[in-house]
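Reader: I am new to this structure and should be grateful for a close look at a single part of it. Please take the place where the chains meet, and then set it in its surroundings.

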Amino acid sequence: MSSSGTFLPGLKILARGAREEPRLFAGAVLGSVVYGVGTAGSGWLVGRITEDVVVPALTSGSQRTVTTGDVWLAGAALLAVALVTVGGVLLRRIFAGAAMYGLQARYRRALARRYLDLPLSWHHSHPAGRLLATAASDVEATWQAMAILPFALGVVVLIGVAGPAMVAADPVLGGIGLVVVPALVVANAAYSRVMSPKVRRVQRLRGEVSAVAHESFEGALVVKTLGLADGEVARFSEHAARLRDANIAAGRTRGAFDPVIEALPQLGTLLVLAVGAARAASGSADVGDIVQVAYMLSLLAFPVRAIGWTLAELPRTVAGDARLQAVLRESATTPWGTLRADRTASPAAPSARGVEYHHPVPVPDPTDEDDDDDARRRAAAAAPALGRSRAARPVLSGVHLDLTAGTTTALVGGTGSGKSTLAGLLVRLVDPTSGQVLLDGVDVRELAEGELAGVAALVPQATFVFDDTVRGNVALGLEVTDDDVWAALRLAQADGFVASLPDGLDTRVGERGTTLSGGQRQRLALARALVRRPRLLVLDDATSALDPAVERAVLDGLGASFDGGQGTTVLVVASRPATIALADEVVHLERGRVVDRGTAEELLQRDEGYRELVSAYARAARQRAAESMSSENMSSKSMTGEGSRA
Amino acid sequence: MSTATASPGAPASSSAAVPSPTTPKPQGVIARARELAPEVAQGLGLTLVFASVTTLGRIVVPVAVQQTIDSGLRAPGGVDAGRVAVITVAAAVVVLLTMGTSWLVNYRLFRATEAGLASLRTRAFAHVHRLAVLTQGGERRGSLVSRVTSDVDTISTFLQTGMVVLVLSIGQLVLATVLMFVYSWQLALLVLACFVPVLLLRERLQRPVTRAYQQVRLRMGELLGAVSETVVGADVIRAHAASARSWRAVDAAVEAHRKQAVTAQVATAATFSVGVFVSGLVLALVVVAGTLLGVDGDITLGRLLAFLFIIGLFVMPVQAATEVLNELQNALAGWRRVVELIDTPVVVPDPSPTDAVELPAGPVEVRLEGVGYTYPGTSRKVLSDVDLVLPAGSRIAVVGETGSGKTTLARLVTRLVDPDVGRVLLSGVDARRVPEASLHRRVVAVPQEGFLFDSTVGENIRLGRPDATDDDAVAALSDLGLSRWLEQLPDGLETPVGQRGERLSAGERQLVALARAHLADPDLLVLDEATSSVDPATEVRLQRALEHVLSGRTSVAIAHRLSTAEAADVVVVVDSGRVVEVGPASELAHAGGPYSRLHAAWTAQHV
């Protein structure tokens, strides 16, 4: 994007907007023309009334006699013109506003659809707060000019009418008067060259402020418990100060442009008077014509500023639109295929072939190209670090895995070994950097949108509860009966607490609703997956917040349902021996590679790393027992528990 | 739309979990503004002086036109080119001069308002962190974010464009009024009389505009909340192909905002058109009345013509001011939302300086006396009648079933919430009397969800202590037996963690959070399932390491893994909001109570 002219690009964007809201836009322009005609008509009428009514009435010995009725008639005519003008104003304002808000809504909807459509790897590399700012302030910046554009166009029409009249009255003076318009455009060219980078910077910093606020509010609990509030306030205040300085810098330019566009028609009028007087003195112009041109020019002086205001908004239009297009034209769409998934009740057979996965590289802000060295420095600092880490170690590499349809497989591995990533790959939360993920022998990337999610469900570690009812949170848009929802809740051991909620399934949870405990949230997420009757169920440590007894019940329930029901292939990320005992097969993942697989007994015998992982608690318990034996006679500290009712 | 069908039980103020607004009186706004954003008023005097000069520029050209025509072009002795030259050159000089002052006014206003709004933003932001965790909680932070971003932007838009117009318009009004009286006091009174009803009805005319804009801001907060869900909940939405549901929710919020904005626009246009109409009416009346007065000889032709000309100068700023007063309503709506946030009472307030007590040095003793707690807006008691003494320097494990009140107990001990009844004493001091800043230096909690900031592993650990170095961070990890984990990170401490720490696994985030808490060197450490996602071998190693690290401190571990409980000095068993058992794990395991049952279930699964 060149940092120069915004005139043509800006007008192009606005023309696009006009095409997208043709009726509202046309209505607004029509209103603006009516307003312009009304304003001009009022000026013309005042002139006529002065000449035909006021002057004769007040001039003694006038040849024309003016009755009181004529005077009232003149007043009525003026009032009628005023009413037309009022109609024009209403029409223009309402329609222009409706067009602007219509465009805002249109682009916000489009953005939200893009956000929902873009791959998760894209989301992971774009700060949430920045995306929010795009939907809010970038959309506003882009379409702000739309509120004034019809006014400006109406003025153009007005000039189209008044201009020839001025030229007809006196070609030289009329010409001088009309020069005001090109002068505005020239002034705007200079203005937009200075203003554009500043406006881009402002919009980018708005995104940053939003991103910092969003992140900080998300981490509020950590901020509170570690007493980090002061540091966070300092961080936010630094960003707010940068935005302030950028706004002031933009304001310095903007603040200069407005007086210029205001002064141009004024100077034009004065020039007309000066030149006109000289021409009148030399006899080449008629005084009446000069007065007419000067009067028309002064009439135009205010509306012409509407053109100036529109031009002044163009840099924001261009800057905002660039940021919108960065999302809307993002090529990283999730490339859905066209195949349909097998929707029969038989369990699915997922597999991975030579899968390798790297984390995506964070994406700098779309308008980072300008003069903010700080952002560039950070981006530059991040890039080589990421480059190195890519080379150092992928999250997963060379993973080959075939899950037998209808079996339960436990995925076991140390912290950070890549279990969650593998789980996410199977349901296509992310795509592998290289290699293939297959479902029933079909590459999951070949499946059409929604197909994989229709047969495979993942319960993630961290649960997200939507600001919706319990029913809405379980169904998530799927057409299911209340009975289905209750059945899923029962299976997830969530029926008890849901039944005790004030409005049962209709209780709002999430932001405005009831506070749920971690275990309750996890069971809700479990029900969300179960209600979909998946052929492949991936549980990513999904029972970690559940107490052992509850977890056992959930897993038993799953086993019963799936054995007796349609049959499901289950992959469960697990570490407890009891969970693993429910599995037909165990896969041991270490540092992103499958190091062993087999039955639990086989691994326990031959895989030392596995043994160390799963028997850790038992060994610790034995060790502790031995220690407490040896220190039997050492009296433990006395504890008081006044609340004990045992 | 969704707004209309909101369930009757839902709270009226729906955005961002902030209590419903207590609408401030407009008169109070200026006082609050001076308090919350004092920078706005800085240098305002000089700005107003420049603005007055600029106002002169507004009327100089119309007056010059009139003078040129009357005394230059229609001079009795024919066109007086010399006089015209003097008038136009003088006027041009004034125009250029006021162009300069106008720029100064604009720039000074930008500078002052941006400075004021930056501090208003920061104040609101700081207040969010003062609010209780419960008030901040929730999934839709979008609407909270909107209060420190787009709501503040609304105010700045008004202050920077509207305020200039308002100031200049008022100046012009005053000048034009004076001129009108100079030319004809009768007609001047007539003009003013026409605007009196507008002035009287202003409040009533403006009321729908005010209400509409308040709704617009509200809808905007909800819109951002809905968009925020599509961004933050992207994983879940994708996993369950729930995007249709999400875009329907966004569409509903977008449409609600659009409709409301158009409603506000219609109200604004209606108010504005009243001004336009009255202006037309004034012109018509002056023509009629002026002519009739002239016929009676009360006004000369010249004066009447001049008066007609001045009306234009009077009417224009009236219209501009109507316009600005509408914009003001939008700004006020944004302002109220920001102030409403700032005025949200802090549920867990800091003690007054006279009442404040620092925690005594050394390990902290925790004593709960008759503590009960009910979450606001709910009726079920989460905890009741809890009496408990946790001796200084001991290691306590709290166990109990999901939803039994364990986490609430941890929140009370770290003063994330205050009890409804009873007291929480830390080393004998009521927790309510300890200033938050000093409390959280000594009492640190590690929540289950290991939230990390979007920077590096090292930076996240160093957050635990502001002056910590990288070596301190390495030492903290090594104290916890995590050196091997650090070594296998691709870039060591420099490894980027991504948004919310998502480039690390949940277990790794918990490791970083633990190291961060350890570096903070607390006297009371509360671990709320802080190792729930860590693999068993690492967890056992961590437990061993923690035994050393925690010596000389008090620690409270909320745990569902009984391995933690077994390593503790004392186990507290919570059931349905009551403490039902307290004692060493080895004793409770065989006591036949609730702990025995939990222990049996655990042993069956793990050993």
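How many residues does the contact take from chain B, and how many from chain A?

Author: The model under discussion is predicted. In it, the contact takes 185 residues from chain B, and chain A enters the contact with 177 residues. On the side of chain B that touches chain A, the element that gives the most is helix H9 of chain B, residues 243-295, with 30 residues. By class, that side of chain B divides into 99 nonpolar residues, 54 polar residues and 32 charged residues.

The chain that carries this side may be described next. Chain B has 20 helices and ten strands. Its radius of gyration is 34 Å, whereas the globule rule gives 25 Å for 607 residues; the value for chain B is well over that figure, so the chain is more spread out than a compact globule. The extents of the C-alpha trace of chain B along its principal axes are about 120 × 55 × 50 Å. Of the 607 residues in chain B, 57% count as buried. Among the contacts in chain B with a separation of 6 or more, 78% are between residues 24 or more positions apart.

The partner, chain A, is made up of 23 helices and twelve strands. Chain A has 646 residues, and buried residues make up 56% of them. For chain A, residues 24 or more positions apart account for 83% of the contacts with a separation of 6 or more.

One pair of helices within chain A can be followed in detail. Two packed helices are described by the angle between their axes and the distance between the axes. Helix H5 of chain A covers residues 128-143 and helix H8 of chain A covers residues 180-218; their axes come within 7 Å and cross at roughly 140°. H5(A) and H8(A) are therefore oblique to each other, since an angle has to be over 145 degrees to count as roughly antiparallel. The crossing in which H5(A) passes H8(A) is right-handed. From H5(A), the residues that meet H8(A) include A:Ala128, A:Gly129, A:Arg130, A:Leu132 and A:Asp138. The residues of H8(A) that they face across this contact include A:Gln203, A:Arg206, A:Gly207, A:Val212 and A:Glu215. By class, the contact of H5(A) with H8(A) has seven nonpolar, seven polar and four charged residues.

Notes
Residues numbered from 1 in each chain as written. Chains lettered and ligands numbered in written order. Predicted model: local features only at pLDDT ≥ 70, side-chain atom pairs only at ≥ 80, totals over all residues. Axes fitted to C-alpha atoms, helices over the stretch in contact; angles between N-to-C directions. Helix = DSSP H or I, 4+ residues; strand = E, 2+ residues; numbered from the N terminus. Parallel < 35°, antiparallel > 145°, perpendicular 65-115°, else oblique. Left-handed = near helix turned anticlockwise from the far one by under 90°. Contact = placed C-beta atoms within 7 Å. Nonpolar A, V, L, I, M, F, W, Y, C, P; charged D, E, K, R; others polar. Rg over C-alpha atoms; globule rule 2.2 N^0.38 Å. Buried ≥ 20, exposed ≤ 12 C-beta atoms within 10 Å, placed from the backbone.
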